[in-house]
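Me: I'm in my first year and I've got this predicted model open. Could you take me through a single part of it, slowly, and then show me what sits around that part?

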Protein chains: 2
Amino acid sequence: MKQKIIDPWGSGLLENYEKIIKDFGLEIFDAKLFQNPNRIMRRGVVFAGRDLKIISDALRHRKKYYVLSGIMPSNEKIHFGTKMVVENMKYFQEHGAQAYILVADLEAASTRGVTLEEARKRALEFHIPAYVALGLDIRKTIFYFQSENKEVMNNAYEFAKKITLSEFEAIYGNADPGKIMAAITQVADILYPQFKERMPGIIPVGIDQDPHIRLTRDVVRRVKDRKFFLPAGLYHKYTPSLDGSIKMSKSKPESCIELPEDIKSVKRKIRNALSGGRDTLEEHRKLGAAMEKDMVFELMKQHLVEDDNELNKIYHEYKSGRMTSGELKEVACQKMEEFMNNFINGIEQARKHIDRLNFVKFK
Amino acid sequence: MKQKIIDPWGSGLLENYEKIIKDFGLEIFDAKLFQNPNRIMRRGVVFAGRDLKIISDALRHRKKYYVLSGIMPSNEKIHFGTKMVVENMKYFQEHGAQAYILVADLEAASTRGVTLEEARKRALEFHIPAYVALGLDIRKTIFYFQSENKEVMNNAYEFAKKITLSEFEAIYGNADPGKIMAAITQVADILYPQFKERMPGIIPVGIDQDPHIRLTRDVVRRVKDRKFFLPAGLYHKYTPSLDGSIKMSKSKPESCIELPEDIKSVKRKIRNALSGGRDTLEEHRKLGAAMEKDMVFELMKQHLVEDDNELNKIYHEYKSGRMTSGELKEVACQKMEEFMNNFINGIEQARKHIDRLNFVKFK
């Protein structure tokens, strides 16, 4: 690999991502491709992509393109990964993209045992307001429910004939009818904006969602007469678990922060997080913090400190040992409290304007 | 097997069907279950079923039930198998069933390369009029297009989660994403009349379509909370190929009659068909016809002679050697010409009333 992931404040998990790039055949993300990159683009949290040049060109030359993501309205929480997806959507929406959000109510109903009605209610009362709280402009976003979009299902039916079971297994590791149905529907969702108008599109996702993008690209190559653009992919790293493993997960609740979550519980988790602080104060002052294993600094870098100069200052104070791990955690707690309050208030505000949504009208 | 298939004028292919009944775990069809059985029920052409008692009870006690079939509008021909399906639909429609016909435009578009619009046009201009010509009462039949029926697709999505790949492979022999999508959609089609109202239903099919019924029954057992009735199946034999093999097939065009087909070509095929006539007239008069291998008599029994007494007379004349194979074929040609003319005229007449169709209105 010639190029390296650019991460001036890199964590110890970097090598995992270098391997992913190589294994999946991704492009390393280059923030220079995009004007005024956002926080996670500037900091190497967005670390890879597929076909980014075509999106960069559309952006520079003010051509039509789209950015698309889905809401899975299973419960009334999101995680930091979703936050990053929304931040990237916001970025492209502010740089000329038509934003599309589909509500995966069919997926929620079939895998999470909620009814379509419950799924719809959760999307309208929580998920969409949460996206707005994170910066999405709902007036400029096109929404639809999977269960209402016949075109998506009819195209999914057609696309299913274009792939074999062994291709599916090669991409997903295994296959069963439910997974096949869900994946093929996602392929049709990803291409939906192109059904009526040929234009490139970018799908910002966590790296674990790349199989859907690969499957979609395979289908596009098989239906040449449809003249679809291959969808571009934009991949962000996981927000690491507070105990130092690569991904926060609800299976380890004490190392996982949900959005929203009671701030007292969040602060307790931050204070117990894996830190780069040394065993004694004396040692810490002498050696400075072991930055590569500090999960609180990583959380601040990914989510809590917007300003690069401020982050840089914290980084050097902490790395030099002038700032202790306890002090760093208190700064993080304070920033988190601010963020969580803004997020919760933002959701409440957004709920008032939910009638302004642009839902696709289906016949 | 205690019971035998009742076929007073049985063909040599009977043992194939005895084996199918055993292998698939079917019930032998008993015409006594149904009042005034139709021609193919009386003659053992309808030879097997699943859960027929529940339909027989509904019929006798005038309870609500449905009969359902699909139209695959790929080209503007049907075959004798479709004719039998329609005749059985007509029977149940006349005996209290609500008839449903779905137009499998998605299936036609994805497997036969026609557009949805072409598929719709063919269904309206040929297939539905052909069904009317064969006796279906369109004023009492509910129609829908797969591509318009969100409820079917949304339920298909849910049902997909209920079966495993190995179950699918056990039923169909193999699996690929396209086949899975099509089969799961058919499951939802078969259950569609029960989405709003719980009632038993019967699906008349050729025996090669039993996998769809088995899959549907498996799904019904998995979604107990939906309280569906297990769909009943009614199976007819194939119309044999004119060369004596078990099923007419377009792959052997000289042994296959399509509906409609130019009558000259049909007569040529009948005259060349495998016959039970002996090598010489003397031998024929002495031994009589070898009924078990006579494909023309089988065709008359299945499709061309409505009256049992008339058929019986022909049977005994021919079996005794008083009627020659050439004479039998001329009777068949004449009956076929009558049928084909009526069929073609019936289609033309029905086209005039196609605006009376009861299509399901979807929001």
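Reply: Let's start with the sheet in chain B. Eight strands make up an open sheet there, and their order across it is 1-2-7-6-3-4-5-8, with mixed pairing. The edges are strand 1 and strand 8 (358-359) of chain B, and each of these pairs on one side only. Remember as you look that this is a predicted model.

Now zoom in on strand 2 of chain B, which covers residues 46-50. Is this strand mostly covered or mostly open? Mostly covered: 5 of its 5 residues are buried. To judge that yourself, use this cut-off: a residue is called buried if 20 or more other C-beta atoms lie within 10 Å of its own.

Who are the neighbours of strand 2 of chain B? One is strand 1 (residues 27-28) of chain B, joined to strand 2 by 2 bridges, with the two strands running antiparallel. Strand 7 (residues 232-236) of chain B also pairs with strand 2 in the antiparallel sense, this time over 4 bridges. A handy residue to click on is B:Ala48, the bridge partner of B:Ile28. B:Ala48 also stands opposite B:Tyr235 in strand 7 of chain B. Follow those partners and you step across part of the sheet. As a bit of background, side chains in a regular strand alternate between the two faces of the sheet.

Next, a helix from the same chain. Helix 9 of chain B (residues 177-191) has 15 residues, and from its first C-alpha to its last it reaches 21 Å, close to the 21 Å expected at 1.5 Å a residue. Helix 9 of chain B is mostly covered too, with 14 of its 15 residues buried. For a contrast, try B:Glu18, which lies in helix 1 (residues 14-24) of chain B. B:Glu18 has 15 other C-beta atoms within 10 Å, so it counts as partly exposed. If you draw a line from B:Glu18 to B:Gln334, you cover 33 Å between C-alpha atoms, and the two residues are 316 apart along the chain.

Now hop over to chain A. What is the strand order in the sheet of chain A? The order is 1-2-7-6-3-4-5-8, in an open sheet of 8 strands with mixed pairing. Strand 1 (27-28) and strand 8 (358-359) of chain A stand at the edges with a single partner strand each, so one side of each has no neighbour in the sheet. Further in, strand 3 (residues 66-71) and strand 6 (residues 201-206) of chain A run parallel and are joined by 2 bridges. You can find A:Tyr66 opposite A:Gly201 in strand 6 of chain A.

Helix 4 of chain A is worth a stop as well. Its 15 residues (80-94) should span 21 Å at 1.5 Å a residue, and the end C-alpha atoms are 21 Å apart, so the two values agree. Buried residues in this helix include A:Phe80, A:Met84, A:Val85, A:Tyr91 and A:Phe92. After helix 4 of chain A comes A:Gly96, with a positive phi near 95 degrees.

Let's step back to the whole of chain A. It holds 16 helices and 8 strands. Its radius of gyration is 21 Å, close to the 21 Å from the globule rule for 363 residues, so chain A is as compact as a globular protein of that length. Buried residues make up 45% of those 363 residues. Among the contacts in chain A between residues at least 6 apart in sequence, 74% join residues at least 24 apart.

The domain assignment splits chain A into domain 1 (14-241) and domain 2 (253-346). Their centres, taken over C-alpha atoms, are 30 Å apart. Where the domains of chain A meet, 15 residues of domain 1 are in contact with 14 residues of domain 2. Helix 2 (39-42), helix 4 and helix 6 (116-133) of chain A each give two or more residues to the domain 1 side. The largest share of that side, 3 residues, comes from helix 2 of chain A.

Last, look at where the chains touch: 25 residues from chain A and 25 residues from chain B take part. On the chain A side, helix 5 (105-112), helix 7 (150-160), helix 8 (165-172) and helix 9 (177-191) each give two or more residues. By class, that side has 13 nonpolar, 7 polar and 5 charged residues.

How values were computed. Residues are numbered from 1 along each chain as its sequence is written. Chains are lettered from A and ligands numbered from 1 in the order in which they are written. This is a predicted model: local features need pLDDT of at least 70, side-chain atom pairs count only at pLDDT 80 or more; totals for chains, interfaces and linings use all residues. Two residues are in contact if their C-beta atoms, placed from the backbone, lie within 7 Å. Ala, Val, Leu, Ile, Met, Phe, Trp, Tyr, Cys and Pro count as nonpolar, Asp, Glu, Lys and Arg as charged, and the others, Gly among them, as polar. The expected span of a helix is 1.5 Å times one less than its number of residues. A residue is buried if 20 or more other C-beta atoms lie within 10 Å of its own, exposed if 12 or fewer, and partly exposed in between; C-beta atoms are placed from the backbone. Domain bounds come from an automatic or database domain assignment. Two strands pair if DSSP finds at least two bridges between them. The radius of gyration is taken over C-alpha atoms; the globule rule is 2.2 Å times the number of residues to the power 0.38.
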